[in-house]
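Could you look through this structure with me before we discuss it? My notes are meant for someone who has not seen it before.

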Amino acid sequence: MKAREVNFDGLVGLTHHYAGLSFGNEASTKHQFRVSNPKLAAKQGLLKMKALADAGFAQGVIPPQERPNVPLLRQLGFSGTDAQVIERVAKDAPQLLSAVSSASSMWVANAATVCPSADSLDGKVHFSVANLNNKFHRASEAPTTENTLRAIFRNEQYFSVHGALPQVAMFGDEGAANHNRLGGAYGEPSTQLFVYGREEAKAGLVPARYPARQTLEASQAVARLNQVKPDLLVFAQQNPMVIDQGVFHNDVIAVSNRQVLFCHEQAFLHQHALYEQLRERVPGFTAIEVPADKVSVADAVGTYLFNSQLLSREDGSMTLILPEESRQHAGVWRYLNEVLAADNPISDLQVFDLRESMANGGGPACLRLRVVLNDAELKAVNPAVMMNDKLFITLNNWVDRWYRDQLTQADLADPQLLREGREALDELTRILDLGFVYPFQH
């Protein structure tokens, strides 16, 4: 059946700030305590969404989460009115206030793992919400993520949304950032490549410096929840050495689209054996492998070369959507132009300025959740979240009305920020026809 890939991008939240919360994410750590610009961050993301929609790529929007997360602070023993809770946390534990104010839900590549209907045993599109339990500032996202996905993909005839795995280390799950789908036409059954960092059940090679956030056990559980046909499954371990160099998710070192896997030569632990598996399963499988002597792992991490979107155009060629940082690096840009000149499906490079997101540790691929949908399924998606001229103008006006143009960690103590956020999100749920998805609405 004919289908297409739809990208649903996370809208950057009102509390976007630089706190360096994500150990193992070197961009996040490097920009700690810088002054952020939430308004610019949101507008940069919206510009990318609109540009891709204008180019003919179906594009949706996923809203930010409520922050600061006051219910989580109450769970940790803080009491009083919401304003009093924030005041006390700001005084006694400012780093904790920063964590519960993180706008990290904008990276919806970590929201869930998706199985298209062509790959599932019951013929539905499945979503398994990620638990993100390796990081405190992200581990509380799952309930609102589940509410939001149910509000967007609400037709149970076509969609099935599963809650997060148990919040224990054995089932550490970081969502679609560690998942690839390789095949021919989008609507045909395709191989699902789950990438993990460690296996809880047995000793093996693991990173020494940074945590391996995704476990094999989690990937296997997600595949079961998503009812992936067993003959479509491949599991592969990420190279622990690159995790220790800041490759905290597979989408920092590899990106796939249809029959193409664009990756660094050091991306996977047993890379050539993986290629052989994929050649057997994926007709026309093409590995575009970037050699270390052309682009080092450090440069790949620094420019987010692989945290790009690889999109199919009508003529069958592919466009690579890159952050500006890749163009600014002479060696990376030189290599990319070599890729353009070579015999492979990549025939176009498009660059976007996402520096606010990039400085917090996420690029083009982090900002989007890929969902393959056939025509009937696309019609069943909540239409209010689909990007078009009207929604673009409405959301930009909404951002102008509610977002601040600079934010520091000290600003998080302002109770007005909480009020602004709740009023803004309440309005946003009406714009996007989401109903009541946030805790303050209940």
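The points below go from the whole chain to single residues.

1. The model shown here is a predicted one, and its protein chain has 17 helices and 15 strands. The radius of gyration is 20 Å, close to the 22 Å that the globule rule gives for 442 residues, so the chain is as compact as a globular protein of that length. Taken along the principal axes, the box that the C-alpha atoms fill is roughly 60 × 45 × 45 Å.

2. On burial and contacts, 61% of the 442 residues in the protein chain are buried. Among contacts between residues at least 6 apart in sequence, 76% join residues that are at least 24 apart.

3. The accessible surface of the protein chain comes to about 16,700 Å², and 51% of this surface belongs to carbon and sulfur atoms. As for charge, the chain has 41 positive and 49 negative charges, and the mean positions of these two sets are 3 Å apart.

4. R181 deserves a careful look. R181 lies in strand 6, which covers residues 179–182, and it counts as buried because its relative accessible area is 13%, where the cut-off for buried is under 20%. The side chain of R181 makes a polar contact of 2.6 Å with the side chain of D119, and a polar atom of the R181 side chain also lies 3.0 Å from the backbone oxygen of E188.

5. Which other residues does R181 touch, not counting those up to four places away in sequence? Among them are P116, A118, Y186, P189, S190 and T191, as well as S256, R258 and V372. A further relation across the sequence is that with R370, which is 189 residues apart from R181 along the chain, while the C-alpha atoms of the two are separated by 10.0 Å.

6. T191, one of the residues that R181 touches, lies in strand 7, which covers residues 191–196. T191 is buried, with a relative accessibility of 4%. Not counting residues up to four places away in sequence, T191 touches N180, R181 and L182, together with L232, V234, L278, R281 and V282.

7. E427 is placed in helix 17, which covers residues 415–431. Is E427 buried or exposed? Its relative accessibility is 17%, so E427 counts as buried. The side chains of E427 and W402 are joined by a polar contact of 3.0 Å, and, leaving aside neighbours within four places in sequence, E427 is in contact with W398, R401 and W402.

8. Some backbone features should be checked as well. Most residues other than glycine have a negative phi, and most peptide bonds are trans. R67 and P68 are joined by a cis peptide bond, with omega about 0°, and P68 is found in the loop between strand 2 (59–62) and helix 3 (70–75).

9. Two residues that are not glycine have a positive phi, namely Q227, where phi is near 55°, and Y304, where phi is about 55°. Q227 lies in the loop between helix 8 (216–225) and strand 8 (233–237), whereas Y304 lies in the loop between helix 11 (297–303) and strand 12 (309–312). Q227 is partly exposed, with a relative accessible area of 27%, while Y304 counts as buried at 2% relative accessibility.

Terms used: Residues are numbered from 1 along each chain as its sequence is written. This is a predicted model: local features need pLDDT of at least 70, side-chain atom pairs count only at pLDDT 80 or more; totals for chains, interfaces and linings use all residues. Side-chain values use heavy atoms; hydrogens and water are left out. Helices (H or I, at least four residues) and strands (E, at least two) are DSSP runs, numbered from the N terminus. Buried means under 20% relative accessible area, exposed over 50%, partly exposed in between (1.4 Å probe, protein chains only). A polar contact is a pair of N or O atoms within 3.5 Å; within protein, one must be able to donate a hydrogen and the other to accept it, and residues adjacent in sequence count only if both atoms are side-chain atoms. Contact means heavy atoms within 4.5 Å. The radius of gyration is taken over C-alpha atoms; the globule rule is 2.2 Å times the number of residues to the power 0.38. Accessible areas come from the Shrake-Rupley method with a 1.4 Å probe; for residues, only the protein chains shown count as cover. Lys and Arg count as positive and Asp and Glu as negative; His and the chain ends are not counted. The place of a charge is taken as NZ of Lys, CZ of Arg, CG of Asp or CD of Glu.
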